[in-house]
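The following exercises are to be worked with the sequence and the coordinates at hand. Each task is followed by a solution in steps.

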Amino acid sequence: MKPSVFYYHPSCQNLAQNIIKACGNKIVEGKITWDQFPDQWPNLFIEDVKKNCVGCNVIFLGNLESPGIIFEQLAILFELPRYLCKSVTFILPYFPTGTMERVETEGVVATASTLARMISATPLSSRGPCQILIFDIHALQERFYFGDTVIPRLESAMPLLLKKIASENMKDICIVFPDEGATKRFKSHFENDFPIATCLKVRAGKDRIIKIKEGEVSGKQCIIVDDLVMTGKTLIECAKVLKENGARNCKAFATHAVFPKDSWNKFTGNDLFDAFYITDTIPNAIEIAKHHPFQLLSISEILVDILLNYDVTLQ
């Protein structure tokens, strides 16, 4: 059985190497030269492309967190099927425009749809549509923004948190969601094992404050769970409210540690959180996790399980 070929963007090197090592002889690493011409447009070269692509299952690990690196990766993604790959799987751990998925005022551009349409332009391989593997997309309905020429496969990193809770034998846990959207999105992962609490923002004069909508947190170890964190302001205000209502301590979990403008720094200078669990869907999480209270839970084990049980065995 021919091994699958694994390509990746340089920003994903740590995650990629962990996956390649864990998959053993089931996959081989493909090489791409990522360079630039003098005018700064990408100068790309796929090494041994006929040997590695013709008749092979190809996996490409990408990172589209920054507009400056999207074009070069789409160029690779569009090119791979043209070399007669048997199948193409695009691992896109973080779908970056996911929070811009709605138009509530005329003139707003839903860039989640824009990026999905761009990815949907990926040519068919000999086995059919490219499969797009995404973790904890912001809204499940975003799968319908992709065209019929690709297949979105939506995965979750929530099992990593469940495993962490079990491995540390945590007691008196209460899972807290910072808003009703997160409750609807992730409640099913936890409700059979832990009590649930939900916070919400309410208007108080000109301000919006966070209150506990439902759930009992007194004496509990509260873990605030969401799909992503930007500035972290909501999580901080949520933790303050939980402690005011008798929570023993607070932890947090976010799949995607976006943290624009190094906003993660505000979590290192206070004692609100005993731990803040993040994953490596975005490469900068590796550096962030070197600072207390952050701890890294890698999605590599989930990806390896997925690849070994489906993608690399699809011949």
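A cavity is a set of grid points where a 1.4 Å probe fits but cannot get out, and its lining residues have an atom within 4 Å of a point. The model under study is predicted.

**Exercise 1. Enclosed space**

Determine how many cavities of 30 Å³ or more the structure holds, and describe the lining of the largest cavity.

Solution.
Step 1. Rolling a probe the size of a water molecule over the atoms shows where empty space is left.
Step 2. Searching the whole structure yields three cavities of 30 Å³ or more. The largest cavity contains about 70 Å³ of space.
Step 3. Its lining is made up of Ser11, Cys12, Gln13, Asn14, Leu15, Leu61, Gly62, Pro93, Asp280, Thr281, Pro283 and Ile286.
Step 4. Sorted by class, the lining of the largest cavity has six nonpolar residues, five polar and one charged.
Step 5. With three residues, helix α1 (residues 13–23) contributes the most to this lining.

**Exercise 2. The six-stranded sheet**

Establish the strand order of the open sheet formed by six strands, and state which helices pack on the sheet or lie across its strands.

Solution.
Step 1. The order is β2-β1-β5-β6-β7-β8, with parallel pairing. At the edges are β2 (27–29) and β8 (150–155), each of which pairs on one side only. On average, and with direction ignored, neighbouring strands of this sheet are turned by 25 degrees against each other.
Step 2. Consider one pair in detail. Strands β5 (residues 57–61) and β6 (residues 87–91) run parallel and are joined by five bridges. Val58 has Val88 as its bridge partner in β6.
Step 3. Helix α9 (residues 300–309) packs on the sheet and touches β1, β5, β6, β7 (130–135) and β8. The direction of α9 makes about 155 degrees with that of β7.
Step 4. Helix α1 lies across β1 (4–8), β2 and β5, and runs at about 165 degrees to β1.

**Exercise 3. The largest pocket**

Which residues lie nearest the centre of the largest pocket, and which element gives the most to its lining?

Solution.
Step 1. The largest pocket holds about 890 Å³ of space.
Step 2. Of the 33 residues that line the largest pocket, Arg102, His138, Asp179, Gly181 and Asp226 lie nearest its centre.
Step 3. Two or more lining residues come from each of α6 (180–186), β10 (196–204), β12 (221–229) and α7 (233–244). Helix α6 gives the most, with six residues.
Step 4. The lining of the largest pocket comprises 13 nonpolar, eight polar and 12 charged residues.

**Exercise 4. Overall dimensions**

Explain why the protein chain counts as being as compact as a globular protein of its length.

Solution.
Step 1. The protein chain has nine helices and 15 strands.
Step 2. Its radius of gyration is 21 Å, and the globule rule gives 20 Å for 315 residues; the two values are close, so the chain is as compact as a globular protein of that length.
Step 3. The C-alpha trace spans about 65 × 50 × 35 Å along the principal axes.

**Exercise 5. Backbone exceptions**

Where in the chain are Pro293 and Leu84 placed, and what is notable about the backbone there?

Solution.
Step 1. Most residues other than glycine have a negative phi, and most peptide bonds are trans.
Step 2. The peptide bond joining His292 and Pro293 is cis, with omega of about 10 degrees. Pro293 belongs to the loop between α8 (285–288) and β15 (294–296).
Step 3. Leu84 is not a glycine, yet has a positive phi of about 60 degrees. Leu84 is placed in the loop between α3 (70–79) and β6.

Note on methods. Residues numbered from 1 in each chain as written. Predicted model: local features only at pLDDT ≥ 70, side-chain atom pairs only at ≥ 80, totals over all residues. Heavy atoms only, no water. 1 Å grid on protein atoms, 1.4 Å probe; cavity = no way out; pocket = protein on both sides within 12 Å on 5 of 7 lines; lining within 4 Å. Points joined across faces, edges and corners; volume = space filled by probe spheres on them. Helix = DSSP H or I, 4+ residues; strand = E, 2+ residues; numbered from the N terminus. Nonpolar A, V, L, I, M, F, W, Y, C, P; charged D, E, K, R; others polar. Pairing = 2+ DSSP bridges. Axes fitted to C-alpha atoms, helices over the stretch in contact; angles between N-to-C directions. Contact = heavy atoms within 4.5 Å. Rg over C-alpha atoms; globule rule 2.2 N^0.38 Å.
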